[in-house]
Amino acid sequence: MAQPSASKPDTPVAGASLNEEGAAGKTTISSVVVQKVAGLATREVTGIHALGGGVSRAFGAIRERIPGSGTVTTSGVSVEVGEKQAAIDLDVVVEYGARIVDVARAVRRNVIGQVEQITGLEVIEVNIAVNDIHLPDENGGETETSRVE
């Protein structure tokens, strides 16, 4: 005779919220966690060149050159995190030739999916500001060769 299997208490239930009634404790998620997840999810989308505006990208480039400083994963991402919901604002640079409307739609879809899946928070909005377009010859792209040798 087969014995019924015991359900695992750590198995996530679809639609379960972070702080349910009857739970053994309270879970809080830092805004830094949501920022990092949103930043990584944004960078995964084809057509995104970078996060942040001109000033934050310049400081980020300087910071990356300092030994031991690590990379800035939250540049260009700001969030508001409550107990059950999050709102996300992104500043992005799009690759030249990419259709901005499609890139924004893909970013929004990926960010909402990843943040909700990883954190369990409901993402109520993702605002995207396209601050610049990256041209192919910027930042070490093809350089012009002289016609005269």
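Strand E2, residues 77–81, pairs with strand E3 in the antiparallel sense, and five bridges hold the pairing. This is a predicted model, so treat every distance and area below as a value computed from it. Within the E2 and E3 pairing, valine 79 stands opposite isoleucine 88 of E3. If you follow the chain from E2 to E3, you pass through a hairpin of three residues.

**More partners for E3**

Strand E3 has other partners too. Strand E1, residues 48–51, runs antiparallel to E3, residues 85–95, and three bridges join them. One residue pair to look for here is isoleucine 48 with its bridge partner in E3, valine 94.

With strand E4 the sense changes: E3 and E4 pair in the parallel sense, over eleven bridges. Here aspartate 89 stands opposite asparagine 127 in E4. How does the chain get from E3 to E4? The path goes through helix H3, residues 100–119, and this β-α-β crossover is right-handed.

As you trace these strands, one general idea may help: in a regular strand, side chains alternate between the two faces of the sheet.

**The whole chain**

Now step back and look at the complete protein chain. How many helices and strands does the protein chain have? There are three helices and four strands. Read from the N terminus on, the elements follow the order α-β-α-β-β-α-β.

The protein chain has 149 residues, and buried residues make up 26% of them. Its accessible surface comes to about 10500 Å², and carbon and sulfur atoms account for 51% of that area. The contacts tell you something about how the sequence folds back on itself: of those with a separation of 6 or more, 74% are between residues 24 or more positions apart.

**A buried threonine**

Threonine 119 is a good residue to click on next. You will find threonine 119 in helix H3. Is threonine 119 buried or exposed? Threonine 119 counts as buried, because its relative accessibility is 6%, and the cut-off for buried is under 20%. Leaving out residues up to four places away in sequence, threonine 119 touches Leu18, Ile29, Val33 and Val34. Glutamine 85 lies 34 residues from threonine 119 in sequence, and the two are 10.0 Å apart in space, C-alpha to C-alpha.

**Salt bridges**

Side chains of opposite charge can pair when their charged atoms come close. By the rule used here, the count comes to three salt bridges. The table lists them with their N to O distances.

| Basic residue | Acidic residue | N to O distance |
|---|---|---|
| Lysine 26 | Glutamate 83 | 3.6 Å |
| Arginine 99 | Aspartate 102 | 3.4 Å |
| Arginine 105 | Aspartate 102 | 3.1 Å |

The pair of lysine 26 and glutamate 83 links distant parts of the chain: lysine 26 sits in the segment before helix H1 (31–43), glutamate 83 sits in the loop between E2 and E3, and 57 residues separate them. Lysine 26 counts as exposed, because its relative accessibility is 57%.

The table also shows aspartate 102 with arginine 99 and aspartate 102 with arginine 105. Together, Arg99, Asp102 and Arg105 are linked in a network of salt bridges. Arginine 105 and aspartate 102 are three residues apart in helix H3, so about one helical turn separates them.

How accessible are the members of this network? Arginine 99 is exposed, with a relative accessible area of 55%. Aspartate 102 counts as partly exposed at 36% relative accessibility. Arginine 105 also counts as partly exposed, at 45%.

**A nonpolar patch on the surface**

To finish, turn the model to look for a nonpolar patch. Which residues make the nonpolar surface patch? The patch is made by Tyr96, Ile100, Val130, Ile133 and Leu135, and it covers about 410 Å². One of these residues, leucine 135, has its place in the segment after strand E4 (122–134). Leucine 135 is partly exposed, because its relative accessible area is 35%.

Key. Residues numbered from 1 in each chain as written. Predicted model: local features only at pLDDT ≥ 70, side-chain atom pairs only at ≥ 80, totals over all residues. Heavy atoms only, no water. Patch = residues over 30% accessible without salt bridge, like charges linked within 9 Å, V, L, I, M, F, W, Y side chains within 5 Å. Areas by Shrake-Rupley, 256 points an atom, 1.4 Å probe, with all protein chains shown as cover. Salt bridge = Lys/Arg side-chain N within 4 Å of Asp/Glu carboxyl O. Helix = DSSP H or I, 4+ residues; strand = E, 2+ residues; numbered from the N terminus. Buried < 20%, exposed > 50% of the residue type's maximum accessible area, 1.4 Å probe, protein only. Pairing = 2+ DSSP bridges. Right-handed = clockwise from strand over helix to strand, strands pointing away. Contact = heavy atoms within 4.5 Å.
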